[in-house]
Number of protein chains: 2
Amino acid sequence: MNLVIVGGVAAGASAATRARRLSEDAHIVVFERGPYVSFANCGLPYHIGGMVERRESLLVARPESLEGRFRLDLRLRSEVTAIDRTRGEVEARAIESGRTYREPYDRLILAPGASPIIPPVPGTDGRRVHTLWTIPDMDAINLAIQEGAESAVIAGGGFVGVEAAEGLRARGLRVTLVEKAPKVLPPLDPEMAETVHDLLRKNGVDLILGRGLVAIRDDGDRKRVAIEGGDEILADLVILAAGVRPRAELARGAGLAIGDLGGIRVDDRLRTSDPKIFAAGDAIEVTDIVTGRPTLCPLAGPANRQGRIAADNALGRDVRYRGSQGTFIIKVFEGTAAATGANEVRLRAARIRYEKVHIVGQSHATYYPGAEPMFVKLLFAPEGGRILGAQIVGGPGVDKRIDVLATAIRANQTVFDLEDAELAYAPPYGSAKDPVNIAGFVAGNLLRGDVEAVAPEDVPLDAHILDVRTAKERQSCHIPGSQGIPLDELRDRIAEIPRDRVTYAHCAGGQRSYYACRILAGNGIECRNISGGLRHWRVSPGVRGRLRI
Amino acid sequence: MNLVIVGGVAAGASAATRARRLSEDAHIVVFERGPYVSFANCGLPYHIGGMVERRESLLVARPESLEGRFRLDLRLRSEVTAIDRTRGEVEARAIESGRTYREPYDRLILAPGASPIIPPVPGTDGRRVHTLWTIPDMDAINLAIQEGAESAVIAGGGFVGVEAAEGLRARGLRVTLVEKAPKVLPPLDPEMAETVHDLLRKNGVDLILGRGLVAIRDDGDRKRVAIEGGDEILADLVILAAGVRPRAELARGAGLAIGDLGGIRVDDRLRTSDPKIFAAGDAIEVTDIVTGRPTLCPLAGPANRQGRIAADNALGRDVRYRGSQGTFIIKVFEGTAAATGANEVRLRAARIRYEKVHIVGQSHATYYPGAEPMFVKLLFAPEGGRILGAQIVGGPGVDKRIDVLATAIRANQTVFDLEDAELAYAPPYGSAKDPVNIAGFVAGNLLRGDVEAVAPEDVPLDAHILDVRTAKERQSCHIPGSQGIPLDELRDRIAEIPRDRVTYAHCAGGQRSYYACRILAGNGIECRNISGGLRHWRVSPGVRGRLRI
């Protein structure tokens, strides 16, 4: 059995080692264009930032080790240029020598990955303009810093752009991050991204949103970056971080089916339109388990898993890939942002109806040192309450809650299951009512009709707004025109609430105003709870200006 | 509607505040024997240890706040002594004045909690002998320390005993922890508890296992604690931490059904055998969702949830409690131990067949600073792979993985679902293959027959043991009589492996020896993988002595 694998990083390396574990006899050839196999792509910004000191530690598996332990036939700096499906051969080219040759296969696994998108503007190919996707990219950026670069423009606010910003700030550079969209991090909805914007700015990143790149020009030794709107930014270094696209050229050239999003099309056994050819990793389209639609999901976890499954099927097993949910997490200086499942944009695109709640939870019992708040958004089905997506921004413990919610989504759980979730509680780790439970309670209350919730942007301009925080809290900031009655005085002062119109109640995070709504409803007053309270109001595009601080 | 609630801590306070949210009209009376409502029982050891500085922060909700915000009729230091079910009244006694009176109820919720078990030996009622279950208990222990206590004996190695040990060590006391069983922390199986023993000893706790208390005597100002086997320990302070039992006396006296384990029997709406009386919290028996059997689960999370559900049903809703799974976590100095679902003892008692695997995982990508190993045990069904239980001991990130596994158990997931779990990965938070995935892979490999695993204690004394670690690792310790062939040399030296008997392969944590087993199997040699490697061997009772260090 000749197994040929195109690509030797995440999916390719996983496929190769899995294949060896399944068969001692197979001849396993791995072609990798770059000089390294199985390197830690996700660690690159952290070596730039100095958090990961040793460059070598990013080389997950050395070629010698892969060759020795797994008896792989590695062809580094070698590119597969064509697939001859009739003869069952690939055409390969050794990049340094230029030598071309053919390699036969019985089964072929394509794991070519993704490549950075280069914005279609002049100057992206100049010196000191780099992507950050490979070890050589990282080396080039590090060299520029060693040579004295003191400022950088990062073009793009996806994962790589945001992580690069942190890395460069850690090295003392002045950093301007330019993003064409009005917000960073596509998996986050606008109000959740807003907290990330605050974190970036607080840590000295000059953030320019809603304006794309126009051109990159030389200015002596420096770069002059022109952006939409006419401004120019002078910097020593430019990093292009405009996202990635699947490397599907080889598959396309071989006549394999390509999906509408430009990725290689595969079935649930990760088989392409040719039954002898499988594909895995950033280059393929997968099914989004929430929307049921094809999606691109260029993440390391799914890539590794897919590599393993492609090898299983290539070697005759029957193993299914059950789709992706896009679980992601990112460190943003002292904060953490994470998401799983679909966001509002994706749900609307897929015409899936949803409800949403926002809650503020604590990483652990507030009386135990180190507790920090987190802001949780939960999206769920109006009927039945199936969980459709979640987003969390905060600090410690965000990773835990997003993983619990990712597991819940994968298991088709509902918001009612979150109410019942029995999570591990001791004061250093959580609360008897975990943020996950609280999100479930608030969503459950909504679906049961115990309270009507409303997002800040849906509060009418002339609404009667009731602020149930304490007088002291109200002093520091409030919504102009709102009525202030602290929750604990509400019953005694209920006559002060107008009965001829709807009251929109809020507090800091949404819990006290929920209690207030129950009191008002019990007294026959129509009421809505402003979801997520001022915490949510403060970051909601469109209404955040309506706040007097 | 008169709603009477007996008990005002976790379940009782939750029931009371929930009831008010459901009804503005109900008259809600809460009887609490102690001087505090809704206090943070779980925080007591941390105030003793000084991690929680302010005593007041343990008082979660002040009486004034509960009375004002929720309009509760609180009766502190008041005991309900009897229930007159015919007339729908409880008999109450104000503890300080001794005044007795009757209070009518339409619905009654019993949330009396649990009380510490007092070992049946002489001297438990003496001075400087305390339980640690209430604020006054904590105050008494703190007073003893302020008065100069320099040493303590803790009788019992459950949660409270272990947490108290940490707290007292933090205050500089010499601590001896005496446990009648051969191990601490009942939810952990012996090999998992062994790591906790190591942590306790490493942090200066004198641990005496397998020997119970015989008597506590005075010796001048000090205490002389006699234990089984004839020894006596001199100390300034004794803490009784022998576990808790449900306070079911009131229910029993009223003729309500009591379960075999001594807890109040309830249905899934938390209704007792009297349809007007509900019960919640540490005093009730609940269904174990893994074994289907009744269990006692005196934990804060379930108690809060049950209080809410009891109130829902008492006020006419139909909400079901879907059982408990005993998810627990404990900080043990710099380490963390956690469990969810059933352990081996419970599975055997319930006659449920199971398989098990042990793996060593990392809290996050090893190249990013701060990664620490964790030791994961997974119990699952031999057919179908349903997850039955999990235990983890380690440091950072144990809480996350146990919560993911708790969610998976609640959702009836299998080990194959763990293989597919799409968890949040970035280098500071996890790995592309999370410990949860790895546990799933190893368990899946076992069920698919890709490898036969064997627990250290099941390796025959005369087995042929193959150590595939490097020569350097082998130097520091090894199993006497084992054959050492590093994994990367195995194919070349395969002729050295005997073919007439089974080879038991091991490495440090089980991964390399799994690769070795695949190589041996591919070469026609019968092989078993020693589950969890030396990490597991080292802590397995019975075999840990068979190691040359």
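Strands here are DSSP runs of at least two residues, numbered from the N terminus. Strand 27 of chain A is one such run, covering residues 464-467. D467(A) lies in this strand. The model is predicted, and this aspartate is a good place to enter it.

Is D467(A) buried or exposed? A residue counts as buried if 20 or more other C-beta atoms lie within 10 Å of its own. D467(A) has 27 other C-beta atoms within 10 Å, so D467(A) is buried. Some of its surroundings can be named. Leaving aside residues up to four places away in sequence, D467(A) touches R474(A), H478(A), I479(A) and S482(A). Q483(A), G484(A) and H506(A) are touched by D467(A) too. G292(A) is another matter. D467(A) and G292(A) are 175 residues apart in sequence. In space, 41 Å separates them, C-alpha to C-alpha.

Now step back to the sheet. Strand 27 belongs to an open sheet of five strands in chain A. The order is 26-30-29-27-28, and the pairing is parallel. Which strands form the edges? They are strand 26 (453-454) and strand 28 (483-484) of chain A, each pairing on one side only. Strand 27 of chain A is joined by four bridges to strand 29, residues 503-506 of chain A. These two strands run parallel. Across this pair, I465(A) stands opposite Y504(A), a residue of strand 29 of chain A.

A helix covers part of this sheet. Helix 14 of chain A lies across strand 27, strand 29 and strand 30 (527-530) of chain A. Its direction is at about 180° to strand 30 of chain A.

Helix 14 also leads to the second chain. Helix 14 (511-522) is among the elements that give two or more residues to the side of chain A that touches chain B. The others are helix 1 (10-22), helix 3 (63-70), helix 8 (300-314), strand 21 (328-332) and helix 10 (398-410) of chain A. Which element gives the most? Helix 10 of chain A does, with nine residues. Overall, 66 residues of chain A are in contact with 66 residues of chain B. On the side of chain A that touches chain B, 34 residues are nonpolar, 15 polar and 17 charged.

How do the two chains relate? A rotation of 180°, with 0.0 Å of shift along its axis, superposes chain A on chain B. The RMSD is 0.0 Å. That is the relation of a two-fold axis. Of the interface residues of chain A, 100% are also interface residues in chain B, so the copies meet through the same surface.

Technical notes. Residues numbered from 1 in each chain as written. Chains lettered and ligands numbered in written order. Predicted model: local features only at pLDDT ≥ 70, side-chain atom pairs only at ≥ 80, totals over all residues. Contact = placed C-beta atoms within 7 Å. Nonpolar A, V, L, I, M, F, W, Y, C, P; charged D, E, K, R; others polar. Buried ≥ 20, exposed ≤ 12 C-beta atoms within 10 Å, placed from the backbone. Pairing = 2+ DSSP bridges. Axes fitted to C-alpha atoms, helices over the stretch in contact; angles between N-to-C directions. Least-squares fit on C-alpha atoms with pLDDT ≥ 70 in both.
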